[in-house]
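Q: Can you walk me through a helix and what it packs against? Here is the model.

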Amino acid sequence: MKLFKDPIYLILLFYALVAALTIHFFNGTGDAGDSVTHYLFAKYAPQHPELFFHHWAKPVFVLLASPFAQFGFDGMKMFNALTTLGTIFLTYRIAERLKLHQSYAVMILLIFSPMYFVLTFSGLTEPLFALFVAAGIYLVTKRSYASAMLLISFLPFVRSEGLIIVGVFGIYLMIKQKWKLLPLLAVGHLVYSFAGYFVHHDLLWVFRKIPYARLDSIYGRGELTHFAKQLFYILGLPGFILFLLGVISILKDVIKRKESRVIPVLILGGFLAFFIAHTLFWYYGIFGSMGLTRVFICVIPLMALIMLKGFNLLTTELIPAKNNLAKLFSIVILAYIIAFPFTKTHGGIVFERDMKLSADQKAVIEMAKFVRREFPLMPRVAYEAPYIGIALGIDPFDNAQRLDLNPENLKVLHPGELLIWDSHFALLDLKLRKEDLAKDASLKNINNSRVSEFSNTAEISVYSKK
């Protein structure tokens with residue numbers, strides 16, 4: 001069977017096995033905020049169909065992830081693991097079609113990219129975005145231009161940054177003088193504009209409901225060099241070095257006019273457009289930017305292909321490819337890339353911290369044991385931390401089960417209903433202090449949980465409305 005003879009399929013089989021074992025043995029969610037919230041949107045969308053057209057949740061992500069989310073958070077992690085498996089394979093196929101040397105190495109670069117591995121096992125939207133990017137470029141390499149543009153047109157409904165990539169593909173079409181295909185990049189917006197009209201009663205909801213369409217950010221702003229410095233932690237030391245060498249290799253080939261347009265425009269150009277945009281968003285504090293490094297998982301296929309160019313520069317250009325020294329050098333580099341995630345250096349994976357539930361979530365679980373024991377019939381609950389919904393089995397989109405934790409809703413809580421305060425989302429995001437709740441004579445503190453680990457202390461307090 002080809003599956004057991006071709007090393008490419010053995011690599012894919014290896015990843016699938018690792019993914020299955022990771023899901024089974026590690027209960028982490030990637031992060032305790034957006035990851036969990038995206039899962040909840042996908043899980044409860046069948047009960048609340050309007051969630052399929054929620055701009056923050058991302059309609060395409062909700063549509064594709066929802067069947068998997070019905071099997072719990074492990075189902076969500078399985079969905080993202082499958083998207084990553086597809087991305088790994090398609091990125092390899094791109095490298096192969098572009099006739100890049102040692103194409104198999106790009107699969108290893110992806111599998112052993114520390115941040116990509118950790119965030120695959122989450123409810124985040126970045127892995128699906130990466131799959132769409134890889135699929136779009138693969139279709140271009142097959143000269144299936146119309147199919148590529150149709151697919152990429154839906155990318156803004158996986159993540160808002162899809163608009164950046166749509167623009168890059170538009171530039172590619174103009175360079176190729178394929179003017180007639182440009183309208184295809186608008187198909188995604190047209191489809192969702194009409195489909196979502198019955199929910200939003202506004203054909204322009206696809207623009208007006210973009211949650212980041214504002215020239216400010218509650219998260220502040222940062223240094224212009226922020227993301228340049230963070231590339232090291234995204235890729236790890238060996239990947240970062242190969243990436244820089246890859247950029248040099250591509251620019252060298254462009255000067256010599258040896259490159260096809262796909263590599264400098266879609267791969268390097270796509271990454272640079274994404275990188276520059278996020279750098280400026282964070283520097284100017286616009287479009288709700290938080291300066292999160294995880295957004296670069298969106299373009300990890302492009303980064304891996306650039307790293308492959310750097311790998312080839314070292315092992316097939318600087319040293320003659322048929323030289324035994326080149327083969328040994330290739331093995332050493334790949335061995336280091338494989339080993340790096342398991343080192344204790346910056347950028348490596350700390351499995352107890354990165355792949356298991358956080359202190360915040362463990363505190364929520366302790367709290368949930370108390371609530372379930374004391375309240376067999378769950379009352380309505382006001383809370384902010386998304387994981388509380390999972391721990392208590394609450395539909396967070398049902399106002400009869402859950403209320404947002406805000407001053408207005410605190411006034412409408414009925415006697416016997418609960419308020420749950422946490423030291424992360426309620427305190428840091430809402431600025432609601434525990435001391436303020438203690439002063440409220442209508443609330444009774446009935447339980448407190450506290451968990452400390454990895455220099456992080458999380459607190460959860462439960463209040464009953466008198």
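A: First, a term: buried means under 20% relative accessible area, and exposed means over 50%. The model is predicted.

Q: Fine. Which residues of α17 are buried?
A: Ala-326, Ser-330, Ile-333, Leu-334 and Ile-337 are the buried residues of α17. They sit on the same side of α17, because they cover an arc of only 95 degrees around the axis.

Q: Why would residues three or four places apart point the same way?
A: An α-helix has 3.6 residues a turn, so that spacing brings them round to the same direction.

Q: And which exposed residues are on the face turned away from the buried side of α17?
A: That face carries Asn-324, Leu-325 and Ile-331.

Q: How does the span of α17 compare with what it should be?
A: Helix α17 has 16 residues, 324-339, which at 1.5 Å a residue should span 22 Å; the end C-alpha atoms are 23 Å apart, so the two agree.

Q: What do the buried residues of α17 pack against?
A: Their partners are α6 (105-111), α14 (226-255) and α16 (300-317).

Q: Take α14. What's the geometry with α17?
A: The axes are 7 Å apart and the packing angle is about 130 degrees. The two helices are therefore oblique to each other.

Q: Which residues make that contact?
A: From α14, Leu-237, Pro-238 and Leu-242; from α17, Ile-333, Tyr-336 and Ile-337. By class that is six nonpolar residues, with no polar and no charged ones.

Q: Different topic: His-226, buried or exposed?
A: His-226, in helix α14, counts as buried because its relative accessibility is 18%. Leaving aside neighbours within four places in sequence, His-226 contacts Trp-282 and Gly-291.

Key
Residues are numbered from 1 along each chain as its sequence is written. This is a predicted model: local features need pLDDT of at least 70, side-chain atom pairs count only at pLDDT 80 or more; totals for chains, interfaces and linings use all residues. Side-chain values use heavy atoms; hydrogens and water are left out. Helices (H or I, at least four residues) and strands (E, at least two) are DSSP runs, numbered from the N terminus. The expected span of a helix is 1.5 Å times one less than its number of residues. Buried means under 20% relative accessible area, exposed over 50%, partly exposed in between (1.4 Å probe, protein chains only). The arc is that of the directions from the helix axis to the C-beta atoms. Contact means heavy atoms within 4.5 Å. Axes are lines fitted to C-alpha atoms, for helices over the stretch in contact, and angles run from 0 to 180 degrees between N-to-C directions. Angles under 35 degrees count as roughly parallel, over 145 as roughly antiparallel, 65 to 115 as roughly perpendicular and the rest as oblique. Ala, Val, Leu, Ile, Met, Phe, Trp, Tyr, Cys and Pro count as nonpolar, Asp, Glu, Lys and Arg as charged, and the others, Gly among them, as polar.
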